[in-house]
Amino acid sequence: REPLLDWTTQSRRRGITDLEFVPRRRLQMVAERLRGRHPAAILRDELMDNPYPWVKELIRGNSMEAIIAGLDEDERAEMYRRNVPLSVAEQVTCLIRQATDPNILGRAWEGWAPEI
């Protein structure tokens, strides 16, 4: 499967007239990851791209950001609030903590299929 074709199809489904918007946005997110941007900040921005208004409302409030960034843990909060690129090791640590955070796992959609 070709991701660019899937993303273009997603643009059509969303009714976006610029069919290259979603592919461009996805590639921009990849570039941000490579530059060391914090994974929670990228996830927050990806959720803001969601077409459903209720998702955007949750993100605009600080509660969702606190969940995805793990702001209830001092070490995670400090790393999130630093405004410098993360090392590869720091990015991996952040991703592992997100992937194993019970507060996030408990909110995951029941139909989520990570193996796809």
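The legends below describe an overview and several close-up views of a predicted model.

**Figure 1. Overview of the chain, a predicted model with eight helices and zero strands.** Read from the N terminus, the order of elements is α-α-α-α-α-α-α-α. The C-alpha trace spans about 45 × 30 × 30 Å along its principal axes. The chain has 116 residues, and 31% of them count as buried. Its accessible surface comes to about 8,200 Å², and carbon and sulfur atoms account for 57% of that area. Taking the contacts between residues at least 6 apart in sequence, 36% join residues at least 24 apart.

**Figure 2. Close-up of helix H2, residues 21-34.** Helix H2 has 14 residues, which at 1.5 Å a residue should span 20 Å. The C-alpha atoms at the two ends of H2 are 20 Å apart, in agreement with that expected span. Just after H2 comes Gly36, which takes a positive phi of about 90 degrees.

**Figure 3. The buried residues of H2 and the helices they pack against.** Val22, Pro23, Arg25, Met29 and Glu32 are the buried residues of H2. The list thus includes Arg25 and Glu32 as well as Val22 and Met29. Packing partners of the buried H2 residues are helix H1 (3-14) and helix H3 (39-48).

**Figure 4. A nonpolar surface patch made by Tyr52, Trp54 and Leu58.** The area of this patch is about 360 Å². One of its members, Leu58, lies in helix H4, which covers residues 53-60. Leu58 has a relative accessibility of 36%. Because this value falls between the limits of 20% for buried and 50% for exposed, Leu58 counts as partly exposed.

**Figure 5. Close-up of Asp101 in the loop between helices H7 and H8.** Helix H7 covers residues 88-100 and helix H8 covers residues 102-105, with Asp101 in the loop between them. The relative accessible area of Asp101 is 8%. Buried means under 20%, so Asp101 is buried. Leaving aside residues up to four places away in sequence, Asp101 touches Ile67 and Arg76.

How values were computed:
Residues are numbered from 1 along each chain as its sequence is written. This is a predicted model: local features need pLDDT of at least 70, side-chain atom pairs count only at pLDDT 80 or more; totals for chains, interfaces and linings use all residues. Side-chain values use heavy atoms; hydrogens and water are left out. Helices (H or I, at least four residues) and strands (E, at least two) are DSSP runs, numbered from the N terminus. The expected span of a helix is 1.5 Å times one less than its number of residues. Buried means under 20% relative accessible area, exposed over 50%, partly exposed in between (1.4 Å probe, protein chains only). Contact means heavy atoms within 4.5 Å. Patches are made of residues with over 30% relative accessible area and no salt bridge: like charges are joined within 9 Å, nonpolar side chains (Val, Leu, Ile, Met, Phe, Trp, Tyr) within 5 Å. Accessible areas come from the Shrake-Rupley method with a 1.4 Å probe; for residues, only the protein chains shown count as cover. A salt bridge is a side-chain nitrogen of Lys or Arg within 4 Å of a carboxyl oxygen of Asp or Glu.
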